[in-house]
Amino acid sequence: PIPDDGLSVNFLANGLTVRPVDDMPLVRDADMKGRVSGRTVNINVGQGAVDTPAGRRLGISDLTFEVPDLAPKPAPTKVRFRIDGPVPAAAEVLQSERLREAGDTVIDPNSSKGTVSAIVTLAMPLKNALTKADTTYSISLDLGALAVDKLAMNQKLEANSLKVVADNQGYRVRGDVKIGGQPAALDYRKTSDGDADVRVSATLDDAARARLGVDLGQSLSGAIPIKLTGKIAGGEGDNRDNRFGVEADLTAARIDNLLPGWTKVAGKATKMTFNVIQKPQGTRFEDIVIDGNGTSIKGSLEIDDKNDLVNASFPTFAPSEGDKANLKAERQPDGMLKVTMRGEVFDGRGFIKSAMSGRDPNTKEKSKNFDIDIDAKLGALAGFYGEAVRSIDLKLTRRAGAIRSFSLSGKLGRDTPVIGDLRGRGQGQGQGRDVMYLETGDAGAFFRFTDTYAKMNGARCG
């Protein structure tokens, strides 16, 4: 090898077109100065411009190309440069062959807007045929006025300022953003060949939940702060599972029979935690815990890829303080949802009030109309004014929005039987409808139980 002091070349140039690294865009209109010794090479480009294949342009500056020792074969090299310009142009550079491992995962140049200032460093051997394994890279990007479609949970991501750091091990996105138009704090880490760790903090109101596909109509309203942590599966295949842990503060929310009998006014402190497992065929919610304001609900449920309930199991189902019940639901092969409820005592006032009040005609109903089969047996169903139906046995079937079968038995007041059934009316007319009948020998207790009228004792109703 030539000794380091055996050769000395210094040069200046301008107006050059340079390809600093194979498989990356050319640098045009560059000014350059360099020094070559017997063992080293140092080249600097103060400024230039990069024109991408799609006609986008970036400014490039502070480019250095260094060979610290020419003796090894192949000799090691280091490259460092700064780029400034529009996000789509930078994303296209990041998708060059030399940087594609990071670029195609972070930002799509065809669905992005904003500005970027980035520092890129590369290390590779000095040889003609380079592979991805030969290159070590590090990229640090500062993004401004960013807008990228379908970047976060298949939603549009926007940010006034966002930091992205990438290298051979993976990349990280961190900052205050908007996901689907909703402000959120995002921390997203992705390994090069593994799962992505994601952390999101946000407050979801009715409109935000609707944009994210979680629209529960009148059953849930109000702003809900959430914290989401979990993993998004990397790689390919149909067996990939995304797993998240979610904490939700339901204090500001209003709940109206989101689960049977579960009602809550806004302002009552209630917390909910659960784990989410997303699969191509559906989503499972495990380890559900709802606690606060006298509510204690624990269990799990599963929905399919169309957001229809597949099954649910709540061994602890106490929407109100003092409830002792459990609830199960399972979708049958014919599409019927079979619901089974058992327990010693259950506060039915919330459910009764909702059922008796009817729907607000000015509110669009958003819940799905599905077939259901209910089988409930309870030691006592509490109503209003201290009244309760004891030893209650309820069976109800609804298909295509119409109740097809109904039976009820229990005891009300001073052990007065109360029964209910479904009877036909207007048979032979060709236009009669089935009617639900309720009969009891203590109308006063029944009216108090349903909060219809409190000042009546005895009497028969039917």
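The following paragraphs lead through a predicted model of one protein chain, from its overall make-up to individual residues.

The protein chain has 462 residues, of which 40% are buried, and its secondary structure consists of five helices and 27 strands. When contacts between residues at least 6 apart in sequence are considered, 42% of them join residues that are at least 24 apart. The surface that the chain exposes comes to about 24900 Å², and carbon and sulfur atoms supply 49% of that area.

Because this is a predicted model, its confidence deserves attention before any detail is read from it. The average pLDDT of the protein chain is 83, and 87% of the residues score at least 70. Confidence is highest in strand β21, residues 324-331, with a mean of 94, and lowest in helix α2, residues 100-106, where the mean is 52. Residues 361-367 form a stretch in which the pLDDT is below 50, and in the model this stretch has five contacts beyond near neighbours in sequence.

Among the helices, α1 offers a clear case of burial. This helix spans residues 87-94 and is mostly covered, with eight of its eight residues buried. The buried residues are V87, P88, A89, A90, A91, E92, V93 and L94, so that the list includes the acidic residue E92. Ahead of this helix, the peptide bond from K73 to P74 is cis, with omega near -5°, and P74 is placed in the loop between β4 (57-67) and β5 (75-86).

A buried charged-residue name also appears in strand β10, residues 182-191, where D187 lies. D187 counts as buried because its relative accessibility is 12%, under the 20% that marks the limit for burial. Its side chain is joined to that of R172 by a polar contact of 2.9 Å. Leaving aside residues up to four places away in sequence, D187 touches R172, V173 and R174, and also D197, V198 and R199.

Several strands can be followed through their pairings. Strand β13, residues 224-232, runs antiparallel to strand β14, residues 242-249, and six bridges join the two; within this pairing, I226 stands opposite A248 of β14. Strand β14 is also joined by eight bridges to strand β17, residues 271-279, again in the antiparallel sense, and here F244 stands opposite V276 of β17. In a regular strand the side chains alternate between the two faces of the sheet.

A separate description applies to an open sheet of three strands, which are arranged in the order β12-β15-β16 with antiparallel pairing. The edges are taken by β12 (220-221) and β16 (263-264), and because each has a single partner strand, one side of each is left without a neighbour in the sheet. Between β12 and strand β15, residues 254-256, the antiparallel pairing rests on two bridges, and L220 has I255 as its bridge partner in β15.

Aromatic rings give another way into the model, and a search of the whole structure finds five aromatic pairs. One of them is formed by F314 and F317, whose rings are tilted, with 6.1 Å from centre to centre and 50° between the planes. Both F314 and F317 are buried, and together with F346 they form one aromatic cluster. Another tilted pair is made by F446 and F447, at 6.0 Å centre to centre and 55° between the planes. The two members of this pair fall into separate accessibility classes: F446 is buried because its relative accessible area is 17%, whereas F447 counts as partly exposed because its relative accessibility is 24%, and the limit for burial lies at 20%.

Finally, two aspartates have backbone angles that merit a look in the viewer. D29, although it is not a glycine, has a positive phi of about 55°; the residue is placed in strand β2, residues 27-37, and D29 is classed as exposed because its relative accessible area is 54%. D415 likewise has a positive phi, near 60°, in a residue other than glycine, but D415 is found in the loop between β25 (402-412) and β26 (416-423). With a relative accessible area of 52%, D415 is exposed, since the exposed class begins over 50%.

How values were computed. Residues are numbered from 1 along each chain as its sequence is written. This is a predicted model: local features need pLDDT of at least 70, side-chain atom pairs count only at pLDDT 80 or more; totals for chains, interfaces and linings use all residues. Side-chain values use heavy atoms; hydrogens and water are left out. Helices (H or I, at least four residues) and strands (E, at least two) are DSSP runs, numbered from the N terminus. Buried means under 20% relative accessible area, exposed over 50%, partly exposed in between (1.4 Å probe, protein chains only). Contact means heavy atoms within 4.5 Å. Accessible areas come from the Shrake-Rupley method with a 1.4 Å probe; for residues, only the protein chains shown count as cover. pLDDT is the predictor's confidence in each residue, from 0 to 100. A polar contact is a pair of N or O atoms within 3.5 Å; within protein, one must be able to donate a hydrogen and the other to accept it, and residues adjacent in sequence count only if both atoms are side-chain atoms. Two strands pair if DSSP finds at least two bridges between them. Rings of Phe, Tyr and Trp (its six-membered ring) pair if their centres lie within 6.5 Å; planes under 30 degrees apart count as stacked, over 60 as edge-to-face and the rest as tilted.
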